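Visitor: I am new to this structure, and I would like to learn how to read its features one at a time. Could we begin with the model in view?

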Amino acid sequence: MSDVALEVRDVRTYIYSNRRCNKAVDGVSFTIHRGKTLCVVGESGCGKSVTASAIMQLLPTLSRIESGSIVYHSDKGAVRIDQLPRDGPKMRAIRGSEIAMIFQDPMTALNPVYTIGFQIGETLKYHTRLKARQIKQRCIELLRQMGIPLPAQRVHEYPHNFSGGMRQRAMIAMAMACNPKILIADEPTTALDVTIQAQIFELMERLKTEHGTAIMLITHDMGVVAELADEVAVMYMGKIVEAGTVDDVLRRPRHPYTRALLNSIPILGRGKNQDIEPIRGSTPDPYDRPPGCQFAPRCDYATQQCNAMPEETVLTDTHRVMCWHHERLGDGP
């Protein structure tokens, strides 16, 4: 059996509104391997969550996958997710069971009129043959694993009875309920304190080792990337501008945007006098994009050549970059 769990090839996902088109994902390609973690990093609005929604076929109504392929390698063979009807029986059977997603905002993802136990149990009821009593016990055990106190009591409570961090943990429990083959985590620990974060990441690591789960982790935290990632993809304005192993991207960045992201992070131990270099400017209007390289208006290396979109350059078997001037950055930090 191949170790590839999911292949995304040249996917373009556009969002339409008021006769305008936002090319939210514009030619993205990556592979997620079984038992490995791919971390996707980048500023807000770069297309990370839209990419995840495309994989799950949960895109907004006025959006669609224009081209490219999303291939899920299931135990029964390859499945072209991009060709499945969004709410068809085959997609519903895969979604939540074999490919699960932890959403960024638990308050909008959880239904306020149903108990937490009902919402976690719904996944188990639809995708497993467990009886009602077994489903309840499984829900309690999942809440206990998430570090929620008094899980036997909490399983009967509603989302408004939970704090923000507890709602986030309930969402994670729902996603992990069926031990999915692929777990997409969209900033799963944003509302959690560091001790709970460590517990959640430990659970995700256990899924990888015990069940061979492939994980796509969307995050802003480069510390999390350094700790958990096997591979890293850096996104900017709908494109993956650099991708490679965690060592390739964090130790030998070859795109100015990757370098700028790393330079804008404070380093523990250097004290309060260290220089933090924020990235100048802001991301361009997605409906009025600059020509060529999207990062050029904010880039210190930009030249006239950057008015044309650079081709992807393969540096090594594991490292690729989209930049005209990647050689000028060298191999140093």
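Visitor: Is D247 buried, partly exposed or exposed, and what is its relative accessibility?

Guide: Before answering, I should say that this is a predicted model. A residue is called buried under 20% relative accessible area, exposed over 50%, and partly exposed in between. D247 has 38% relative accessibility, so it counts as partly exposed.

Visitor: With which residue does the side chain of D247 meet in a salt bridge?

Guide: The general idea is that side chains of opposite charge can pair when their charged atoms come close. In this structure the side chain of D247 meets that of R251, at 3.2 Å from N to O. Both belong to helix α10 (residues 246-251), where they are four residues apart and therefore separated by about one helical turn. R251, at 56% relative accessibility, counts as exposed, while D247 is partly exposed. Elsewhere, salt bridges that share partners join D10, R12, D26 and K239 into one network.

Visitor: How many salt bridges does a search of the whole structure find?

Guide: The search finds 16 of them. One joins the side chains of K181 and D75, at 3.7 Å from N to O. K181 lies in the loop between α7 (164-176) and β7, and D75 in the loop between β4 (63-74) and β5, so this pair ties together parts that are 106 residues apart in sequence. K181 is partly exposed at 29% relative accessibility, whereas D75 is exposed, with a relative accessible area of 52%.

Visitor: Which residue meets K208 in a salt bridge?

Guide: The partner is E205, and the N to O distance is 3.3 Å. Both residues lie in helix α8 (residues 194-211), three residues apart, which is about one turn of the helix. K208 is buried, with a relative accessible area of 9%, and E205 is partly exposed at 29%.

Visitor: Turning to the strands, what is the order of the open sheet of four strands?

Guide: It helps to know that strands of a sheet pair through backbone hydrogen bonds, either parallel or antiparallel. Here the order is β2-β1-β4-β5, and the pairing is antiparallel. The edge strands are β2 (20-33) and β5 (77-80), each of which pairs on one side only. From one strand to the next, the twist averages 10 degrees. Within this sheet, strand β1 (residues 4-17) and β2 pair in the antiparallel sense over ten bridges, and S17 stands opposite R20 in β2.

Visitor: Which strands stand at the edges of the sheet that contains β6 and β11?

Guide: That open sheet has eight strands in the order β6-β7-β8-β3-β9-β10-β12-β11, with mixed pairing. β6 and β11 (313-314) stand at its edges, each with a single partner strand, so one side of each is left without a neighbour in the sheet. The partner of β6 is strand β7 (residues 182-186), joined in the parallel sense over four bridges, and in β7 the residue A185 is the bridge partner of I102. β7 also pairs with strand β8 (residues 214-218), again in the parallel sense, over five bridges, and D186 stands opposite I218 in β8.

Visitor: Which way do the residues of strand β6 point, and are they buried or exposed?

Guide: In strand β6 (residues 99-102), I99 and M101 point one way while A100 and I102 point the other way, and all are buried.

Visitor: How many of the nine residues of helix α1 are buried?

Guide: In α1 (residues 48-56) the count is eight, so the helix is largely enclosed by the rest of the structure. The buried residues include K48, V50 and T51. Just after α1, Q57 takes a positive phi of about 55 degrees.

Visitor: Which residues make the nonpolar surface patch of about 290 Å²?

Guide: The patch is made by V113, Y114 and F118. Y114 sits in the loop between α3 (106-109) and α4 (116-127), and is partly exposed with a relative accessible area of 39%.

Visitor: Finally, what radius of gyration does the protein chain have?

Guide: The chain has 21 Å, which agrees with the value near 20 Å that a compact globule of 333 residues would have. Its C-alpha atoms fill a box of roughly 65 × 50 × 45 Å along the principal axes. The chain has twelve helices and twelve strands, and buried residues make up 50% of its 333 residues.

Definitions and conventions. Residues numbered from 1 in each chain as written. Predicted model: local features only at pLDDT ≥ 70, side-chain atom pairs only at ≥ 80, totals over all residues. Heavy atoms only, no water. Buried < 20%, exposed > 50% of the residue type's maximum accessible area, 1.4 Å probe, protein only. Helix = DSSP H or I, 4+ residues; strand = E, 2+ residues; numbered from the N terminus. Pairing = 2+ DSSP bridges. Patch = residues over 30% accessible without salt bridge, like charges linked within 9 Å, V, L, I, M, F, W, Y side chains within 5 Å. Areas by Shrake-Rupley, 256 points an atom, 1.4 Å probe, with all protein chains shown as cover. Salt bridge = Lys/Arg side-chain N within 4 Å of Asp/Glu carboxyl O. Axes fitted to C-alpha atoms, helices over the stretch in contact; angles between N-to-C directions. Rg over C-alpha atoms; globule rule 2.2 N^0.38 Å.
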